[in-house]
Amino acid sequence: MTPGGGAHPRSGTEALRPGDRRLLEQYLSHLRIERGLAVNTVSAYQRDLLRYLRHLDGRGVDPLAVTPADLGQWLQAVRTGEDGGAPLSASSASRALASVRGFHSFLDAEQASRTGDPSRVLPTPAQSRRLPHPLSISQVEALIAAAARPGTGSLATERALRDHALMELLYGLGARISEVIGMDVDDIDLSERSARLHGKGDKQRVVPIGRYALEALEAYLTRGRPALAARGRGTPAILLGARGTRLTRQAAWQVVRRCAETAELTDLSEPISPHTLRHSFATHLLLGGADVRSVQELLGHASVTTTQLYTEVTVDSLREAHAEAHPRARRGA
């Protein structure tokens, strides 16, 4: 292996043994020059690998002779903080492991390692499932009502009609933000009250449009979209920005944030995002009696296991309602 040229970050590498430092610098050069990774990405790899190489040094392990058992001990050490650093969560440990996997894959490809790639047999740390935090029905209603209020500036009324349609579609269809902004006019069948969504992996599904979403969509298509479309050069997209082009993901996020501020829903346990409305859609359906398989189809989940995550949310909601309302379960009784 020959190190790539050019400047590179050296912060913290001086504490490494010369041989370990040389291996790290060669790998970072490979990431920067041959793979063309961004400076921040290379810096993240460096931070992870510095901690890893210091751990190996402390145990007297040669990076070119690492075994799967050595990797397992390192992973345990960073999870608990036994290596002297801050304990890593499962997600952070997975990120660090990805850095280490890349490092050992590089050493193996360069035929420098005496033990091949020991990371191949090491499983990724299991990450705990994070339950979504759905909004209540009244909070959703407040959020959507905020979207319908015109702001200031040019085309304020037209933009309010668009924002109202956006919020109704996110909640009414349970769609991902990419699916909603990716919809074209031809994806809507007003007579059938249905929409065709283009999901992950270019998979399509047809979902029903409820009355409220349908009314907001028709109002926008009739009184809002024509004025926005006149500013562009013609596009099949349903939701348009101020320049008459397809509404961007960033602009849609800004709409949701603005609506949350207008509805005074900014002091929740986590910020409201477009995906919050998707979570709320699924949770409210299950609370209303919909079966998991139907919700799976509506959400476009490949596996019902993903959808079953929401059943845990509904059980928690029902338990809370029971504790608050049932005479034999009231808190403090």
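A residue counts as buried when its relative accessible area is under 20%. Keep that cut-off in mind. The model described here is predicted.

## Aromatic pairs

Tyr-27 and Phe-106 are both buried. How do their rings meet? The ring centres lie 5.3 Å apart and the planes make an angle of 45 degrees, so this pair is tilted. The two residues come from distant parts of the chain. Tyr-27 belongs to helix α1 (residues 18-34), and Phe-106 to helix α4 (residues 90-109). In sequence they are 79 residues apart.

A further pair is formed by Tyr-52 and Trp-74. Here the centres are 5.2 Å apart and the planes stand at 80 degrees, so the pair is edge-to-face. Tyr-52 sits in helix α2 (residues 39-58) and Trp-74 in helix α3 (residues 68-80), so the pair ties together parts that are 22 residues apart in sequence. Both Tyr-52 and Trp-74 are buried.

The count of aromatic pairs comes to four. One aromatic cluster is made of Tyr-27, Tyr-45, Phe-103 and Phe-106. A ring can also meet a charge. Arg-211 lies over the face of Tyr-212, at 4.5 Å from the ring centre.

## The nonpolar cores

The largest nonpolar core has 50 residues. Which of them touch the most other members? They are Leu-143, Leu-166, Met-167 and Leu-173. Several elements each supply at least two residues of this core. Among them are the helices α5 (137-147), α6 (156-173), α8 (211-223) and α10 (249-262), along with the strand β2 (194-198). Helix α6 gives the most, with eight residues.

Look at Leu-173 in particular. Set aside its neighbours within four places in sequence. Its contacts then include Met-183, Ala-195, Leu-197, Val-207, Phe-281 and Leu-298.

A second, separate core holds 29 residues. Leu-49, Ala-93, Phe-103 and Leu-107 are included in this second core. Phe-103 is also a member of the aromatic cluster.

## Salt bridges

The model has 14 salt bridges. Three of them are listed here, with the gap between N and O atoms.

| Pair | N to O | Relative accessibility |
|---|---|---|
| Asp-57 and Arg-17 | 3.3 Å | Asp-57 29%; Arg-17 31% |
| Arg-258 and Asp-163 | 2.7 Å | Arg-258 31%; Asp-163 3% |
| Arg-176 and Glu-179 | 2.5 Å | Arg-176 12%; Glu-179 2% |

Start with Asp-57 and Arg-17. Asp-57 lies in helix α2 and Arg-17 in the segment before α1, so their bridge ties together parts that are 40 residues apart in sequence. Asp-57 is partly exposed. Arg-17 is partly exposed as well.

Next come Arg-258 and Asp-163. Are these two residues buried or partly exposed? Arg-258 is partly exposed, at 31%. Asp-163, at 3%, is buried. Arg-258 lies in helix α10 and Asp-163 in helix α6, so this bridge ties together parts that are 95 residues apart in sequence. Both α6 and α10 also supply residues to the largest core.

Then there are Arg-176 and Glu-179. Arg-176 counts as buried, with 12% relative accessibility. Glu-179 is buried too, with 2%.

Salt bridges can share partners. Arg-17, Asp-20 and Asp-57 are joined in this way into one network. Where does Asp-20 lie? Asp-20 is found in helix α1, and at 4% relative accessibility Asp-20 counts as buried. Leaving out residues up to four places away in sequence, Asp-20 touches Leu-53 and Pro-63.

## The sheet

Strands of a sheet pair through backbone hydrogen bonds, either parallel or antiparallel. Which kind of pairing appears here, parallel or antiparallel? The pairing is antiparallel. Three strands form an open sheet, in the order β1-β2-β3.

β1 (188-189) and β3 (204-208) stand at the edges. Each has a single partner strand, so one side of each is left without a neighbour in the sheet. The antiparallel pairing of β1 with β2 runs over two bridges. Asp-189 stands opposite Ser-194 in β2. Strand β2 is also one of the elements that supply the largest core.

Definitions and conventions. Residues numbered from 1 in each chain as written. Predicted model: local features only at pLDDT ≥ 70, side-chain atom pairs only at ≥ 80, totals over all residues. Heavy atoms only, no water. Core = buried A, V, L, I, M, F, W, Y, C linked by side-chain atoms within 4.5 Å. Buried < 20%, exposed > 50% of the residue type's maximum accessible area, 1.4 Å probe, protein only. Helix = DSSP H or I, 4+ residues; strand = E, 2+ residues; numbered from the N terminus. Contact = heavy atoms within 4.5 Å. Phe/Tyr/Trp six-rings, centres within 6.5 Å; stacked < 30°, edge-to-face > 60°. Lys NZ or Arg CZ within 6 Å of the ring centre and 35° of its normal. Salt bridge = Lys/Arg side-chain N within 4 Å of Asp/Glu carboxyl O. Pairing = 2+ DSSP bridges.
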